[in-house]
Amino acid sequence: MINFIGKKNQKRRTIKRFAVSIIILILISWVYYLYCLNSPLAGDQLTQEFIVESGWGSSDISYRLTDAGLVRNPYVFQMYVWLHRIDSRLQPGNYFLSKSQNIKEIAWILARGAGSTKEISLTFIEGWNNQQIADYLVEREMIAQPADLFAIVQKKAVWWDDYPVLASRPKNLDLEGYLFPDTYRVFRDATIADIVQKMVATLEEKITSEMRQEISRQHKTIHEIITLASILEKEVSTQKDRRLVADIFYKRLAAGMPLQSDATVNYATGKSVTRASLDDLSVESLYNTYKYKGLPPGPICNPGFEAIEAAVYPVANEYWYFLTTPNGEVIYSKTHDEHVAAKARYY
């Protein structure tokens, strides 16, 4: 009898352990399901084209989404669309999806149809010049060739007069410097003129009335500010350094000294070197600020807001020279001799 009871208790314990294991397995599976469902694969908002062919079922779509790097687990996708009864509503078409979207978002986009992804994200980086913007737009298949952008930014359009931020720009210059770098949502079929106007309009908004008053108080123009900001964007990387270097450049301008910016020489030569060579420094260009005093004719890139802000609000200091070391540190000097010694130490 005792043996029978013992066996019975052992059987109960086995069943209990089995039940606990099943519950734990279900909980782990549920947690994993929720993780895959709600967690996008990456934060990258760039979109990629995803085509759903006519006749594809939810399993076909799930495997191809996984192969495209858009979802983490095809079975989680299948389970979600089945539970929400949209597995039969997934529509064929050309979609534009990103890795920043989770399975739920992608599933409902496919259920609504391809028209729901007509908008795409375009991200323009601070410090890009117009050539780099053009190359990026070609890569994103928004234009066929870089010349398509330059045809828009070089030829004055009627709407240019609607933006006071362009008023002080010399009429012989294109919109280099005035295409504000940011992430924009645009329709897939947007024209390049639409995109350019959106970027100029954003710059108009970014330069506040307080900043415009300060620019006027300093007897400067917005074009001068944008031009210097573009140089700061390329010369130094932190906001603290930009505001210090802005003051150094303003002091040089006031004293009639050349700016001696390697960044402006790079713009003239088309290079991207840290230090210009002797041959580079002899290039004949108004953007060669070793050869010509004053600001160059216009911006050398499209600066971000922090660089523009630094150009408007420089921090007064006692330095006249600076250099950036190979590891990115900025070394400041009060005299030319100190500057020469710093160059000998780091280069």
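**Helix packing and one loop residue**

Biologist: How are H2 and H3 set relative to each other?

Modeller: H2 and H3 are oblique to each other (an angle under 35 degrees is roughly parallel, over 145 roughly antiparallel, 65 to 115 roughly perpendicular, and the rest oblique). Please note that this is a predicted model, in which local features need pLDDT of at least 70 and side-chain atom pairs need 80 or more, while totals for chains, interfaces and linings use all residues. Residues are numbered from 1 along each chain as its sequence is written, and side-chain values use heavy atoms, without hydrogens and water.

Biologist: At what angle do helix H2 and helix H3 pack, and how far apart are their axes?

Modeller: Helix H2 covers residues 58-67 and helix H3 covers residues 74-83; they pack at about 140°, and their axes are 8 Å apart. Axes are lines fitted to C-alpha atoms, for helices over the stretch in contact, and angles between N-to-C directions run from 0 to 180 degrees. Helices (H or I, at least four residues) and strands (E, at least two) are DSSP runs, numbered from the N terminus.

Biologist: Which residues of H2 and H3 make the contact?

Modeller: On the H2 side they are Ser58, Ser59, Ile61, Ser62, Tyr63, Leu65 and Thr66, and H3 offers Pro74, Tyr75, Phe77, Gln78 and Val81 (contact means heavy atoms within 4.5 Å). This contact of H2 with H3 has seven nonpolar, five polar and no charged residues. Ala, Val, Leu, Ile, Met, Phe, Trp, Tyr, Cys and Pro count as nonpolar, Asp, Glu, Lys and Arg as charged, and the others, Gly among them, as polar.

Biologist: Moving along the chain, how do helix H5 and helix H6 pack?

Modeller: Helix H5 (residues 130-139) packs on helix H6 (residues 146-153) at an angle of about 130°, and 8 Å separates their axes. H5 and H6 are therefore oblique to each other. The contact involves Asn130, Gln131, Ile133, Ala134, Asp135, Leu137 and Val138 from H5, together with Pro146, Leu149, Phe150 and Val153 from H6.

Biologist: And how do the residues of the contact of H5 with H6 divide?

Modeller: Eight are nonpolar, two are polar and one is charged.

Biologist: What about H9 and helix H10, where do the axes cross in terms of angle?

Modeller: The axes of H9 and helix H10 (residues 239-255) cross at roughly 125° and come within 10 Å. H9 and H10 are therefore oblique to each other.

Biologist: Which residues in H9 and H10 meet?

Modeller: Ile225, Leu228, Ile231, Leu232, Glu233 and Glu235 in H9 meet five partners in H10, namely Arg242, Val245, Ala246, Phe249 and Tyr250. The contact of H9 with H10 holds eight nonpolar, no polar and three charged residues.

Biologist: A change of topic: where does Glu318 lie?

Modeller: Glu318 is in the loop between helix H13 (305-312) and E5.

Biologist: Which residues does Glu318 touch?

Modeller: Leaving aside residues up to four places away in sequence, Glu318 touches Lys251 and Lys334.

Biologist: And what separates the C-alpha atoms of Glu318 and Ser333?

Modeller: Those two C-alpha atoms are 8.6 Å apart, with Glu318 and Ser333 being 15 residues apart along the chain.
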